[in-house]
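I opened this entry to keep track of what I looked up, beginning with the domains and going on to the chain contact and one sheet.

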Amino acid sequence: MEPAALMKVSNLIKHYGDVHAVDDVSFSVPKAEVFTLLGPNGAGKTTTLEILEGIREADSGSIEIFGQQLRHIDRATKERIGVLLQEGNFEPYLKVREVLRLFASFFRSARSPDEMLREVSLEEKAGALVKNLSGGQKQRLAIGVALINDPELVFLDEPTTGLDPQARRNIWSIVSGLTASGKTIILTTHYMEEAETLSQMVCIMDHGKVIAKGSPRELTARLGQETIVDFVAAEDSTLPETLASCCTIVRGEGGLVSVKTNDLAATLGRLLDWSRASCTPLAEMAVRQPNLEDVFLSLTGRRLRT
Amino acid sequence: MRGIVYLARAYLATALRERITLFWFLVFPLFVLALFSAIFANVGQTTSLTFDIAVVNLDRGSAGRVDFAASVASTFRELSQPGASGSEPLFKLHEPAAGGGDTEATLASEIDALKVGKRDAVVEIPAGFSDALLKAAEASTGSALPAEIRVHTSGGRTSSDMALGIIEQVLVRVDRHILTQLGLFDGARVVVVGRQEVGSENRALGYVDFLLPGVVLMGFLTAGLFSVPGTILFGRERRILRGYWVTPLDVPRFLAGFSLGHLALCALQFVCVWVLGRFAFGAHVNLFQPLPMLYLVLSVATFLALGFLVAALARTPNAGMAIANIVNMPIMFLGGLFFPTGSVPPALRVIMMADPVTYLADGLRASVGVNTASFPAAVSLGIPCAWIVGCAIVASLRLKWDVGR
């Protein structure tokens with residue numbers, strides 16, 4: 001049985017002149033799951049999210065949220081959602097606890113700032129000015145602000161962009177904790193690994209359109225039983241013809257070569273022969289299973305982060 | 001309501017923690033007050049060479065003889081006419097309506113006007129003046145006689161002091177004329193000028209009393225013109241404001257919180273400037289009265305509205321600061337915040353008359369008796385109100401509260 005949807009979006013359209021920022025986007029967000037909009041920069045993820053958060057208005061389409069059909073996100077709905085904005089900021093000369101207290105004051109009912117400080121592990125920074133926080137700390141504060149009203153639905157727009165790996169993992173840990181407590185999360189990201197780690201449902205967008213939907217496992221399963229061999233070679237190097245006849249080869253930036261194959265042993269043998277014969281080292285060679293990046297690649301012919 | 005109070009607190013906390021804001025809000029006004037007070041301490045604050053005076057004639061004349069009191073009043077009336085070359089008259093004379101005789105009530109009313117700065121002096125011709133003058137003149141010549149004209153002035157106010165000096169000269173002429181008329185002129189004075197100071201405490205008001213209201217308004221102006229566009233435009237560009245719009249907070253509540261915080265900051269600034277002026281420079285001017293307070297609150301509101309206008313006209317924070325800088329200097333100096341504007345060239349007078357600072361500064365100073373009001377209270381209060389409405393209309397049509405909206 002399909003889980004109940006907390007939000008349903010149907011045929012959402014937003015144009016800026018001739019640019020179709022959001023082009024007939026439809027999806028539904030299951031309750032108590034992480035739903036991820038995945039796509040490269042400019043795919044329309046943030047515009048879609050901004051419409052759902054009430055920052056922008058759609059040209060057409062419908063939004064059903066908490067069982068109510070809405071044209072605009074009204075005040076009552078805002079009481080029940082939490083938002084972490086992409087590139088959002090706070091007054092730099094406010095202290096961390098003051099920011100939480102300020103945002104708490106905007107809602108009819110809110111959690112205590114001290115409780116939030118504990119939840120996002122910022123107790124020690126409670127008296128620090130926002131301007132003195134690191135990128136990861138600022139982002140944790142932003143999550144604290146998004147959760148201050150104990151929302152049922154949380155929007156996280158690229159929550160880990162620009163963070164170092166440690167800070168990113170801290171955010172992932174907080175997000176995982178939220179789903180465990182029954183919150184529904186709509187996440188946007190262009191990090192394939194983030195989507196795979198956190199999401200139960202992924203919606204891949206490109207050029208304002210939804211190009212694939214499903215769980216990460218369902219999406220990667222669409223690529224069949226293929227295995228992928230990645231390595232780095234000189235950009236002007238010529239790969240053996242025998243390889244091209246039995247595999248799919250995609251060349252990316254920085255000399256990255258991805259070879260998709262159903263016969264790993266034969267492919268590896270041919271690659272090693274070619275490497276020896278042409279004196280081309282197979283630098284940074286790795287054998288892996290397909291991921292969401294490969295799904296995107298197979299659908300668009302481009303990598304996510306290009 | 002809770003959100004409004006917390007927004008106000010956040011605004012105040014931010015302003016007091018940011019060094020550059022703190023400098024412009026608090027240090028700079030105090031610096032200007034200290035600097036100008038030290039340099040221009042002995043400068044008078046007369047705004048015009050025409051003095052507002054009232055002549056109150058309580059004398060009923062001398063039966064069957066010359067009415068000397070009427071003659072004195074007539075002399076002042078002549079001096080309140082423009083010169084043959086169109087030059088400004090020496091006096092702007094206030095007299096009771098035609099047909100109504102002067103009474104003690106008239107005198108009391110004129111003295112009240114003197115106290116609040118609407119008159120520079122009140123000339124009182126006491127009852128029995130003509131009889132006393134005649135009796136004294138006939139009894140003895142060559143000795144000082146007790147007939148007296150009282151001149152009420154506001155102690156220490158430069159324009160009042162200057163008016164007294166001129167009135168004394170006028171009365172010497174009147175004196176000689178009367179004695180000549182009686183055939184008794186021998187150089188001795190008959191008409192005695194008595195000076196009587198009025199005012200709440202007979203205080204000696206000086207340049208610092210003129211300057212203090214100006215510096216308070218300058219602080220409000222700087223705060224409104226720079227802080228409002230700064231907060232809004234930087235907040236918009238850095239997406240701080242966007243963070244508010246995804247919560248139940250709406251623009252009217254944001255504006256209420258913002259304005260409350262701004263008012264609190266201006267109140268703090270006012271207290272600091274007043275304390276320095278009062279205790280370091282000996283200012284006596286009493287701004288803690290209903291009418292001056294009304295002018296102060298109206299000033300904060302007017303400059304807040306001007307700040308919103310700048311924010312509405314600018315697309316970026318840098319553009320906002322540039323517009324604020326361009327606007328600030330002329331309206332500050334032409335508004336007469338630091339110096340009287342009586343000598344402003346006619347070409348600039350147009351700007352001066354459109355400048356809300358002109359009316360606020362004039363009204364505020366008149367309300368505390370520092371100078372004579374140049375405009376009726378309805379004008380001094382009405383024009384800033386008109387500015388507030390105008391700015392609010394433009395801001396509501398043009399001001400964008402979020403990037404791309």
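I looked up the domain assignment of chain B in this predicted model, and found that chain B is divided into domain 1, covering 2–41 + 206–398, and domain 2, covering 51–189. I then checked the contact between the two, to which domain 1 of chain B gives eight residues and domain 2 of chain B gives ten residues. On the side of domain 1 of chain B that touches domain 2 of chain B, I noted three nonpolar residues, five polar and no charged.

Next I turned to the contact between the chains, where 20 residues of chain B are in contact with 22 residues of chain A. Two elements of chain B, α1 (2–17) and α8 (240–245), give two or more residues each to the side that touches chain A, and I recorded that α1(B) gives the most, with eight residues. I sorted the residues on this side of chain B by class and obtained nine nonpolar, four polar and seven charged.

Last, I followed a sheet in chain A, which is open and has four strands in the order β2-β1-β4-β5, with antiparallel pairing. I noted β2 (19–30) and β5 (68–70) of chain A as the edge strands, each pairing on one side only, and a twist that averages 20 degrees from one strand to the next. Strand β1 (residues 5–16) of chain A runs antiparallel to β2(A) and is joined to β2(A) by nine bridges; I also looked up A:His15, whose bridge partner in β2(A) is A:His20. Helix α1 (residues 45–53) of chain A packs on the sheet, where this helix touches β1, β2 and β4 (60–65) of chain A, and its direction makes about 60 degrees with that of β2(A).

Definitions and conventions
Residues numbered from 1 in each chain as written. Chains lettered and ligands numbered in written order. Predicted model: local features only at pLDDT ≥ 70, side-chain atom pairs only at ≥ 80, totals over all residues. Contact = placed C-beta atoms within 7 Å. Nonpolar A, V, L, I, M, F, W, Y, C, P; charged D, E, K, R; others polar. Domains from an automatic or database assignment. Pairing = 2+ DSSP bridges. Axes fitted to C-alpha atoms, helices over the stretch in contact; angles between N-to-C directions.
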